[in-house]
Amino acid sequence: MSRQVLGKTLVILGALAMIINLSFFKQMDWYDIVRWISYALFGIGFLLIPTYSKSKSND
């Protein structure tokens, strides 16, 4: 599994966790813990997505 695929997966999981947390768990005790975990997943996944390669010159 490449870093880019892992990053996209983490971003999707983090976004879904944020949506579910805000929709259903607002009154629960562990709302803040799930919120920080979902933010961390989203942020780490976002950092893993970019892949940079050298530009190919036509020499």
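Entry 1, surface patch. I looked for nonpolar surface and found a patch of about 520 Å², made by Ile12, Leu16, Ile19, Ile20 and Phe24. I note here that the model is a predicted one. From the patch I picked Leu16, which sits in helix H1, residues 3-24. I read its relative accessibility as 46%, so Leu16 counts as partly exposed.

Entry 2, length of H2. I turned to helix H2, which covers residues 31-48. I checked the span: the 18 residues of H2, at 1.5 Å a residue, should cover 26 Å, and the C-alpha atoms at the ends are 26 Å apart, which agrees.

Entry 3, faces of H2. Which residues of H2 are buried? I listed Tyr31, Ser38, Gly45 and Leu48. Looking down the axis of H2, I found these buried residues within an arc of 135 degrees, so they line one face of the helix. As background, I recalled that an α-helix has 3.6 residues a turn, so residues three or four places apart point the same way. On the face of H2 turned away from the buried side I noted the exposed residues Ile33, Trp36 and Leu47. I then asked what covers the buried residues of H2. The cover includes H1.

Entry 4, Ser38. I took Ser38, in helix H2, as one of the buried residues. Its relative accessibility is 1%, and the cut-off for buried is under 20%, so Ser38 counts as buried. Leaving out residues up to four places away in sequence, I found Ser38 touching Gly14, Ala17 and Met18.

Entry 5, Tyr31. I went on to Tyr31, also placed in helix H2. Is Tyr31 buried or exposed? I read a relative accessible area of 14%, so Tyr31 is buried. With residues up to four places away in sequence not counted, Tyr31 touches Asn21, Leu22, Phe25 and Lys26. For Asn21 I also looked up the backbone: its C-alpha atom and that of Tyr31 are separated by 6.8 Å, and the two residues are ten apart along the chain.

Entry 6, Ala40. I closed with Ala40, found in helix H2. Its relative accessible area is 37%, which lies between the limits of 20% and 50%, so Ala40 is partly exposed. I looked up one pair for Ala40: its C-alpha atom and that of Val11 are separated by 9.4 Å, with their positions 29 residues apart along the chain counted as the separation.

Terms used: Residues are numbered from 1 along each chain as its sequence is written. This is a predicted model: local features need pLDDT of at least 70, side-chain atom pairs count only at pLDDT 80 or more; totals for chains, interfaces and linings use all residues. Side-chain values use heavy atoms; hydrogens and water are left out. Buried means under 20% relative accessible area, exposed over 50%, partly exposed in between (1.4 Å probe, protein chains only). Contact means heavy atoms within 4.5 Å. Patches are made of residues with over 30% relative accessible area and no salt bridge: like charges are joined within 9 Å, nonpolar side chains (Val, Leu, Ile, Met, Phe, Trp, Tyr) within 5 Å. Accessible areas come from the Shrake-Rupley method with a 1.4 Å probe; for residues, only the protein chains shown count as cover. A salt bridge is a side-chain nitrogen of Lys or Arg within 4 Å of a carboxyl oxygen of Asp or Glu. The expected span of a helix is 1.5 Å times one less than its number of residues. The arc is that of the directions from the helix axis to the C-beta atoms.
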